[in-house]
Amino acid sequence: MRSFFDGWKQMNEKYDGHAIFSVMFESFPQQGVRAKKDDATAYSWRQRSDHFLMMEAGSKDHANAEIYDEFLSQHQDAWIKSSGYGRLQQYINYGHGSKDPPEALYGYEPWRLERLRTLKAELDQISFGLGLTPSPKSHRNRG
């Protein structure tokens, strides 16, 4: 844990004035989420998410974007290995763009993605609700 935070401190010092690296642990009440059956909605981590970790780098320009992204990816991979979950499980708003598989955001059970693909094809054909996360696209809907 100490080396993790030392790495963040070093990156903040190295890119001082050009980028800010932050990490946040988040926890919030889960009673409402857990009151629903696991298969009642597409939310995939209903019984398994108590704490969230958000890691980010904010910069004034994109000159070092690959360095920042690699730093974040290495730390994300280290957390996955030590988390006890065995694979990436993300709160949808904390997705990491194109690196992370849609299953990490929407659930690893195939029915969850199919359910979202069907809803997206019906309700969001122009990707209005896409936001910052990858869409659960299907062969029927390339939007």
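This is a stop-by-stop tour of a predicted model, with a selection to make at each stop.

**Whole chain**

Start with the complete chain in cartoon view. It holds 5 helices and 2 strands. Read from the N terminus, the elements follow the order α-β-α-β-α-α-α. The chain has 143 residues, and 29% of them count as buried. Among contacts with a separation of 6 or more, 53% are between residues 24 or more positions apart.

**Helix 1**

Select residues 2–14, which form helix 1. This helix has 13 residues, and the distance from its first C-alpha to its last is 18 Å, close to the 18 Å expected at 1.5 Å a residue. Now show the side chains and colour them by burial. Phe4, Gly7, Trp8 and Met11 are buried. These residues lie on the same side of helix 1, because they cover an arc of only 95 degrees around the axis. Turn to the other side of helix 1 and you find Arg2, Ser3, Lys9, Gln10 and Glu13, which are exposed.

To see what the buried residues of helix 1 pack against, add strand 1 (19–27), strand 2 (51–59) and helix 3.

**Helix 1 against helix 3**

Keep helix 1 on screen and select residues 65–82, which make up helix 3. The axes of the two helices come within 12 Å and cross at roughly 170 degrees. The pair is therefore roughly antiparallel, as angles over 145 degrees count as such.

Show the side chains at the contact. On the helix 1 side, pick Phe4, Gly7, Trp8 and Met11; on the helix 3 side, pick Ile67, Tyr68, Phe71, Leu72, His75 and Trp79. Of the residues in this contact, 8 are nonpolar, 2 are polar and none is charged.

**Helix 3**

Hide helix 1 for a moment and look along helix 3. Its end C-alpha atoms are 26 Å apart, which agrees with the 26 Å that its 18 residues should span at 1.5 Å a residue. The buried residues here are Tyr68, Phe71, Leu72, Ser73, His75 and Gln76. Bring back helix 1, strand 1 and strand 2, against which the buried residues of helix 3 pack.

Two of these side chains deserve a separate selection.

- His75 sits in helix 3. Its relative accessible area is 13%, under the 20% cut-off, so His75 is buried. Apart from neighbours within four places in sequence, its contacts are Phe4, Trp8 and Met55.
- Gln76 is also found in helix 3. With a relative accessible area of 7%, Gln76 is buried as well. Draw a distance from its C-alpha to that of Leu53: the two residues are 23 apart along the chain, and the atoms are separated by 9.4 Å.

Then move past the end of the helix. Helix 3 is followed by Gly84, which has a positive phi near 95 degrees.

**The loop before helix 5**

Select Gly107, in the loop between helix 4 (102–106) and helix 5 (110–123). Is Gly107 buried or exposed? Its relative accessibility is 0%, so Gly107 counts as buried. Next, pick Gln89. The C-alpha atoms of Gly107 and Gln89 are separated by 7.7 Å, with their positions 18 residues apart along the chain.

**Helix 5**

Select residues 110–123, which are helix 5. The 14 residues of this helix should span 20 Å at 1.5 Å a residue, and the end C-alpha atoms are indeed 20 Å apart. Which residues of helix 5 are buried? They are Arg112, Leu113, Leu116, Lys120 and Ala121. Their arc around the axis is only 160 degrees, which puts them on the same side of helix 5. The face turned away from this buried side carries the exposed residues Pro110 and Glu122. Show helix 4 too, since what covers the buried residues of helix 5 includes that helix.

**Arg112**

The last selection is Arg112, found in helix 5. Arg112 has 1% relative accessibility and so counts as buried. Add Asp39 and draw the C-alpha to C-alpha distance. Arg112 and Asp39 are 73 residues apart in sequence and 8.5 Å apart in space.

Terms used:
Residues are numbered from 1 along each chain as its sequence is written. This is a predicted model: local features need pLDDT of at least 70, side-chain atom pairs count only at pLDDT 80 or more; totals for chains, interfaces and linings use all residues. Side-chain values use heavy atoms; hydrogens and water are left out. Axes are lines fitted to C-alpha atoms, for helices over the stretch in contact, and angles run from 0 to 180 degrees between N-to-C directions. Helices (H or I, at least four residues) and strands (E, at least two) are DSSP runs, numbered from the N terminus. Angles under 35 degrees count as roughly parallel, over 145 as roughly antiparallel, 65 to 115 as roughly perpendicular and the rest as oblique. Contact means heavy atoms within 4.5 Å. Ala, Val, Leu, Ile, Met, Phe, Trp, Tyr, Cys and Pro count as nonpolar, Asp, Glu, Lys and Arg as charged, and the others, Gly among them, as polar. Buried means under 20% relative accessible area, exposed over 50%, partly exposed in between (1.4 Å probe, protein chains only). The expected span of a helix is 1.5 Å times one less than its number of residues. The arc is that of the directions from the helix axis to the C-beta atoms.
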